[in-house]
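Let's walk through this protein together, with the model open beside the text. We'll begin at one spot on the chain and work outwards from there.

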Amino acid sequence: MKPKKLLIITYYWPPSGGPGVQRWLKFVKYLPDFNVQPIVYVPENPTYPIIDNGLQSEVWDNAIILKNKIVEPYGLASFFGKNKTKKISSGIIPNKKKQSFLEKTLLWVRGNLFIPDARFLWVKPSVTYLKKYIQENDIDTIITSGPPHSLHLIGLQLKKELNIKWLADFRDPWTTIGYHKALKLSSYAEKKHKALEKEVLNSAYTIIVTSKTTKTEFQVITTRPIEVITNGYDIEHVEKQPLDNKFSLAHIGSFLSERNPKILWQALQELVTENETFKNDFQLKLIGATSQEVLDTISEFELTNYVLNLGYVSHQEAVEHQRKSQVLLLIEINSDETKSIIPGKLFEYMISERPIIAIGPEGSDFAEIITSTNTGVFFTYDKKEELKAILLNYYELYQKNNLKVNAVGLQQYSRKNLTEQLSKLVTRNS
């Protein structure tokens, strides 16, 4: 049977690094197994905050890649402050009390002039370009992936002009995402964001989300079908890694200011002070962009000497560290808005065969996943003594060379199984 053509509109694509690229890179890899031909539309000249050239090799050889130029306001804004602009574009919002005038200005511009985000200038030329391509190539189904949520406006306009089947994939929420409040929105801008969100949610054929909580939030806004397809793990071709000699706790990924778990730093400080062997064996590995506020807090708790700060590494190196670190840390912001966030790295953590210590708000969706798969333990931000106890327990198991996990039920989160779910939505009633 002839493969079904699917046009995928996404901003993040190799050589972009970071978590945003992984979801659709893997979907594209496995869609052909389910008789779907992926056609990927991406910007020709993007401003990616993170580059990982190693991901180029993971792009499916027969994928059709369409590129069109984009006007990038972040590229222009970097003239005034390259590092600050880069951090804001990657979602690292400076602490409110420590924001410079330039940072406050950039945040205000981001929230009030770039609606829904800084890629809004790509919408009109993309509609013009894709409308012609869709008509010439007999395509009847498209998917837009956000953030950036301006890409959903491309899908919205194509739906209006061509009456095409359009699925909107939300890797993260829109107006309820944690950093939305930090954008210094005027009442007009806030209403505009919500109006666009509502129009998108009520116009798409199907909404795809990554968590149950986001589905619940969206059901208040729309009666359109909403399907949960989480992120997942792929088979990584990584040589077996020898475990670190140190009792290493590794945080992999962006460590934002709001994800600053003082209960963890306090528990570790007490263990270092009370236990001489723990003090000699302990190491804290920070892999990825870490905010200065987090580093300052670590210093306040006198833990700096135990830190190995590697900064951003390639995805391949990140996977290697997942496999050889003694314990993996997963930290989420302590707020109602982040209950729906399931970090993509969770699923890679889960197959690393290393125990996970997770900290987040009560009712977090990812807590249920960790518990049901027996891959680690979850704590809220008021459970310092319990956290300290599990750290000591893990350390004692490490001393006996017996620190490990016995995971269950992971197959449901494999990228191939998740892509099969997606393929059914793509081919349903079409």
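Start at N374, which counts as partly exposed at 42% relative accessibility (buried means under 20% relative accessible area, exposed over 50%, and partly exposed in between, using a 1.4 Å probe and protein chains only). Before going further, a word on what you're looking at: this is a predicted model, where local features need pLDDT of at least 70, side-chain atom pairs count only at pLDDT 80 or more, and totals for chains, interfaces and linings use all residues. Residues are numbered from 1 along each chain as its sequence is written, and side-chain values use heavy atoms, with hydrogens and water left out.

Back to N374. This residue sits in the loop between α13 and β13 (helices are DSSP runs of H or I with at least four residues, strands are runs of E with at least two, and both are numbered from the N terminus). Its phi is positive, about 60°, although N374 is not a glycine. E302 also has a positive phi, near 60°, and is likewise a residue other than glycine. You'll find E302 in the loop between α10 and β10, the latter spanning 307–311. With 62% relative accessibility, E302 counts as exposed.

Now look at the two elements on either side of N374. Helix α13 (residues 365–373) carries F366 and strand β13 (residues 376–379) carries F378, so to speak the two ends of a ring pair that links distant parts of the chain, 12 residues apart. How are those two rings arranged? Their centres are 5.6 Å apart and their planes stand at 80°, so F366 and F378 make an edge-to-face pair. For the record, rings of Phe, Tyr and Trp (its six-membered ring) pair if their centres lie within 6.5 Å, and planes under 30 degrees apart count as stacked, over 60 as edge-to-face and the rest as tilted. F366 itself is buried, at 0% relative accessibility. A search of the whole structure turns up 18 aromatic pairs. Ring pairs also tie F247, F278, F282, Y306, Y395 and Y398 into a cluster.

Next, a few loops. S291 is in the one between β9 (282–287) and α10 (292–300), and at 7% relative accessibility it counts as buried. What does S291 touch, leaving aside residues up to four places away in sequence? The answer is F255, L256 and S257, with contact meaning heavy atoms within 4.5 Å. Q241 lies in the loop between β7 (226–228) and β8 (247–252). This residue is buried too, with a relative accessible area of 18%, and, again not counting residues up to four places away in sequence, Q241 touches E320, R323 and K324.

F34 takes you towards the start of the chain, in the loop between α1 (22–30) and β2 (36–43). F34 is partly exposed, with a relative accessible area of 23%. Its contacts, once residues up to four places away in sequence are set aside, are K416, T419, E420 and S423. The C-alpha atoms of F34 and P3 are separated by 8.5 Å, with these positions 31 residues apart along the chain. S423 comes up again in another distance: C-alpha to C-alpha, S291 and S423 are 39 Å apart in space and 132 residues apart in sequence.

Two peptide bonds deserve a click as well. The one joining P14 and P15 is cis, with omega about 20°, and P15 lies in the loop between β1 (4–9) and α1. The bond from I115 to P116 is cis too, with omega near 5°; P116 is in the loop between α3 (101–112) and α4 (123–136).

Finally, zoom out. The secondary structure of the protein comes to 15 helices and 13 strands. Its radius of gyration is 22 Å, close to the 22 Å that the globule rule gives for 430 residues, so the protein is as compact as a globular protein of that length (the radius is taken over C-alpha atoms, and the rule is 2.2 Å times the number of residues to the power 0.38). Along the principal axes, the C-alpha atoms fill a box of roughly 70 × 55 × 40 Å. Of the 430 residues, 56% count as buried. Among contacts between residues at least 6 apart in sequence, 75% join residues at least 24 apart.
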